[in-house]
Amino acid sequence: MLSTKSESDITSLAPSSPSRSPKRPVYYVQSPSRDSHDGDKSSTMQPSPMESPSHPSSVGRHSRNSSASRFSGIFRSSSGRKGGRKRNDKGWPECGVIMEEGPYDEFEDKAFTRRCQALIALFTFVVLFTVFCLIIWGASRPYKAEILVKSFAVHNFYIGEGSDFSGVPTKLLTVNGTLKLSVYNPATIFGIHVTSNPVNLVYSEIPVATGQLKKYYQPRKSRRTVSVVLEGKKVPLYGAGSTLTFTQNGAAEIPLVLKFEVRSRGNVVGKLVRTKHRKQISCPLVIDSTKTKLIKFKKTTCTYH
């Protein structure tokens with residue numbers, strides 16, 4: 001049932017309505033239950049359903065209330081979602097843990113397998129390269145330098161009486177000459193470096209003249225003639241000079257021996273693969289100052305080791 005308000009209530013609400021619209025009676029319903037529970041609060045007045053929706057104030061209040069309810073609903077829903085997340089002991093929100101698939105052992109096994117493969121590949125390369133170098137070295141061994149003694153030209157030859165540096169009387173021998181050698185490199189894939197130890201002209205185990213073959217490079221499949229200068233000046237013969245024989249004009253025939261060693265080295269694969277050869281040569285000869293000063297050697301005259 002609707003209760004009729006007093007005139008004071010009606011007159012107090014009349015100014016809120018616009019002057020252009022006719023005054024209409026407004027009815028309010030008071031909730032006694034709410035007043036009984038909240039005695040300290042002011043009574044809440046709710047408009048009656050009989051109130052016209054075309055009233056401007058009611059329309060404004062309705063639009064404000066609906067927009068406020070929309071925004072408050074959004075904030076409530078978002079705050080409700082945030083508040084609904086679980087939190088751990090420290091107050092941090094819990095999150096889903098991503099579980100990794102498979103153990104780490106298979107990655108370690110793959111890394112170990114790759115290392116093994118790299119070591120095996122390196123070892124295989126070293127073995128193959130070593131075998132290759134051995135094959136090349138074995139194939140290059142037969143290519144030894146061919147050395148022949150061609151001639152010895154005597155430029156100066158003198159024997160006489162004298163004394164050594166300490167004043168002991170003895171026979172002195174002076175020899176000066178040039179030795180010619182023929183060197184041939186039969187190798188088809190590498191050149192050689194040729195040198196020698198001291199070339200000695202010996203009389204009764206006493207070196208009376210000495211020379212040295214200078215080191216040089218000889219290309220593959222090539223032949224070359226080299227010269228070695230031998231010099232000996234006033235070499236004391238001591239007891240060995242007593243066996244010398246002189247001719248009528250004062251000259252002597254002296255049996256001598258050429259002794260030396262020729263060394264050759266070929267770089268087949270740089271400095272990794274090398275071939276080295278040595279050849280010891282011994283050539284007997286007799287020097288007579290009354291005869292020709294050019295002594296030629298046959299291949300069978302000298303011995304080559």
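# A first look at this predicted model

Glu261 is buried, with a relative accessible area of 12%. This residue is a good place to start, and the model it belongs to is a predicted one. Glu261 pairs with Arg263 in a salt bridge, and the count of such bridges comes to one. From there, the tour moves on to a helix, two surface patches and a pair of loops.

**The salt bridge**

- The closest N and O atoms of Glu261 and Arg263 are 3.8 Å apart.
- Arg263 has a relative accessibility of 29%, so this residue counts as partly exposed, whereas its partner Glu261 is buried.

**Helix 4 and the nonpolar patch**

- Helix 4 takes in residues 105–140, and Val126 has its place there.
- Val126 is partly exposed, because its relative accessible area is 42%.
- Val126 also helps to make a nonpolar surface patch of about 630 Å², together with Leu122, Phe125, Phe129, Phe132 and Leu272.
- An unreviewed UniProt entry annotates residues 118–139 as "transmembrane region".
- In the model, the span 118–139 is 100% helix and 0% strand, and its end C-alpha atoms lie 32 Å apart.

**A patch of positive charge**

- On the surface, Lys215, Lys271, Arg274, Lys276 and Arg278 gather in a patch of positive charge.
- One of these residues, Arg278, sits in strand 11, which runs over residues 273–288.
- Arg278 counts as exposed because its relative accessibility is 63%, over the 50% cut-off.

**Strand 5 and a contact across the chain**

- Thr195 belongs to strand 5, made of residues 192–196.
- With a relative accessible area of 19%, Thr195 is buried, since buried means under 20%.
- Thr195 and Lys214 are 19 residues apart along the chain, yet their C-alpha atoms are separated by 6.0 Å.

**Two loop residues with positive phi**

- Glu205 is found in the loop that joins strand 6 (199–203) and strand 7 (206–211).
- The phi of Glu205 is near 65 degrees, a positive value in a residue other than glycine.
- Glu205 counts as exposed, because its relative accessibility is 65%.
- Tyr238 lies in another loop, between strand 9 (222–236) and strand 10 (253–269).
- Although Tyr238 is not a glycine, its phi is positive too, at about 50 degrees.
- Tyr238 is partly exposed, with a relative accessible area of 42%.

Definitions and conventions. Residues are numbered from 1 along each chain as its sequence is written. This is a predicted model: local features need pLDDT of at least 70, side-chain atom pairs count only at pLDDT 80 or more; totals for chains, interfaces and linings use all residues. Side-chain values use heavy atoms; hydrogens and water are left out. Patches are made of residues with over 30% relative accessible area and no salt bridge: like charges are joined within 9 Å, nonpolar side chains (Val, Leu, Ile, Met, Phe, Trp, Tyr) within 5 Å. Accessible areas come from the Shrake-Rupley method with a 1.4 Å probe; for residues, only the protein chains shown count as cover. A salt bridge is a side-chain nitrogen of Lys or Arg within 4 Å of a carboxyl oxygen of Asp or Glu. Helices (H or I, at least four residues) and strands (E, at least two) are DSSP runs, numbered from the N terminus. Buried means under 20% relative accessible area, exposed over 50%, partly exposed in between (1.4 Å probe, protein chains only). UniProt positions are given in the numbering used here, feature names are shortened, and annotations may be inferred rather than shown by experiment. Lys and Arg count as positive and Asp and Glu as negative; His and the chain ends are not counted. The place of a charge is taken as NZ of Lys, CZ of Arg, CG of Asp or CD of Glu.
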